[in-house]
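Reader: I have a protein model open in front of me, and I would like to learn how to read it feature by feature. Could you take me through it slowly?

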Amino acid sequence: MNFRDFEVYEIGIYEGENQISKITLVRHLSPILIERIFRNLPIKAFTLILRNKLLLNINISASAVRKVYSHSPGDISYDPVQKAITIYFDNETDYLEKIGYVSEGLENLKKLKSGIFLSLNKFKPV
């Protein structure tokens, strides 16, 4: 069974009124954190580009983990120190727990610049 088969929450990432991406959070990977994120929607997120990943600062508290995780392009984790959703553009190994994946628009996210505000909201199919 694939982790993508479990209960998921879909969130649209918007630049102004335009949806640029859709992310999917998999509830069983971190139920408390994902519930906190989903209940706080809509959220304004400040962007920061670091080497091969995008950080979306959403200012939600979470505890750190001590396990090493391997991430693939499109994976999503949460950085409790930065209080940010982390979206990976390349393979990477770190201590950030995987919480989901980018289901649409990874290329759009790669084009973003640091220092802009995006909004995260419950996904509404067009």
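Author: What follows goes from the sheet to the helix, then to the core, and last to some backbone details.

Author: Please keep in mind that this is a predicted model, in which local features need pLDDT of at least 70 and side-chain atom pairs count only at pLDDT 80 or more, while totals for chains, interfaces and linings use all residues. Residues are numbered from 1 along each chain as its sequence is written, and side-chain values use heavy atoms, with hydrogens and water left out.

Reader: How are the strands arranged in the sheet, and what counts as a strand or a pair?

Author: Strands of a sheet pair through backbone hydrogen bonds, either parallel or antiparallel. Helices (H or I, at least four residues) and strands (E, at least two) are DSSP runs, numbered from the N terminus, and two strands pair if DSSP finds at least two bridges between them. Here 8 strands form a closed barrel in the order β1-β2-β9-β6-β7-β4-β3-β10, with antiparallel pairing. Neighbouring strands of this sheet are turned by 35° against each other on average, direction ignored; for such angles, axes are lines fitted to C-alpha atoms, for helices over the stretch in contact, and angles run from 0 to 180 degrees between N-to-C directions.

Reader: Which residues stand opposite each other in β1 and its partners?

Author: Strand β1 pairs with β2 in the antiparallel sense over 8 bridges, and there G12 stands opposite K22. Strand β1 also pairs with β10, again antiparallel, over 4 bridges, and in that pairing I13 stands opposite L120. On another part of the barrel, β4 (residues 53–57) and β7 (residues 84–88) are antiparallel and share 5 bridges, with L55 opposite T86.

Reader: Is β6 enclosed or open, and why?

Author: A residue is called buried under 20% relative accessible area, exposed over 50%, and partly exposed in between (1.4 Å probe, protein chains only). In β6, 5 of the 5 residues are buried, so this strand is largely enclosed by the rest of the structure. Both of its faces are covered, with D75, S77 and D79 buried on one side and I76 and Y78 on the other. Strand β6 pairs with β9 over 3 bridges, where I76 has G100 as its bridge partner, and 4 bridges join β6 to β7, where S77 has T86 as its partner.

Reader: Where does helix α1 lie?

Author: Contact means heavy atoms within 4.5 Å. Helix α1 (residues 31–39) lies across β1, β2, β3, β6, β9 and β10, and runs at about 45° to β1. The buried residues of this helix are L33, I34, E35, I37 and F38.

Reader: How many aromatic pairs are there, and how is one described?

Author: Rings of Phe, Tyr and Trp (its six-membered ring) pair if their centres lie within 6.5 Å; planes under 30 degrees apart count as stacked, over 60 as edge-to-face and the rest as tilted. A search of the whole structure finds 2 aromatic pairs. One of them joins Y9 and F38, which are stacked at 4.4 Å centre to centre with 20° between the planes. Because Y9 lies in strand β1 and F38 in helix α1, the pair ties together parts that are 29 residues apart in sequence. Both Y9 and F38 are buried.

Reader: Which residues touch the most other members of the largest nonpolar core?

Author: In soluble globular proteins, nonpolar side chains tend to be buried together. A nonpolar core is a set of buried Ala, Val, Leu, Ile, Met, Phe, Trp, Tyr and Cys residues joined through side-chain atoms within 4.5 Å. The largest core here has 29 residues, of which I13, I37, L56, I58, I87, L109 and L120 touch the most other members. Helix α1 gives the most to this core, with 4 residues.

Reader: Where do I find a cis peptide bond or a positive phi?

Author: Most residues other than glycine have a negative phi, and most peptide bonds are trans. In this model a cis peptide bond joins L41 and P42, with omega about -5°, and P42 is in the loop between α1 and β3. R51, in the loop between β3 and β4, has a positive phi of about 30° although it is not a glycine, and R51 is exposed, with a relative accessible area of 76%. K83 has a positive phi of about 55° in the loop between β6 and β7, and K83 is partly exposed at 29%.
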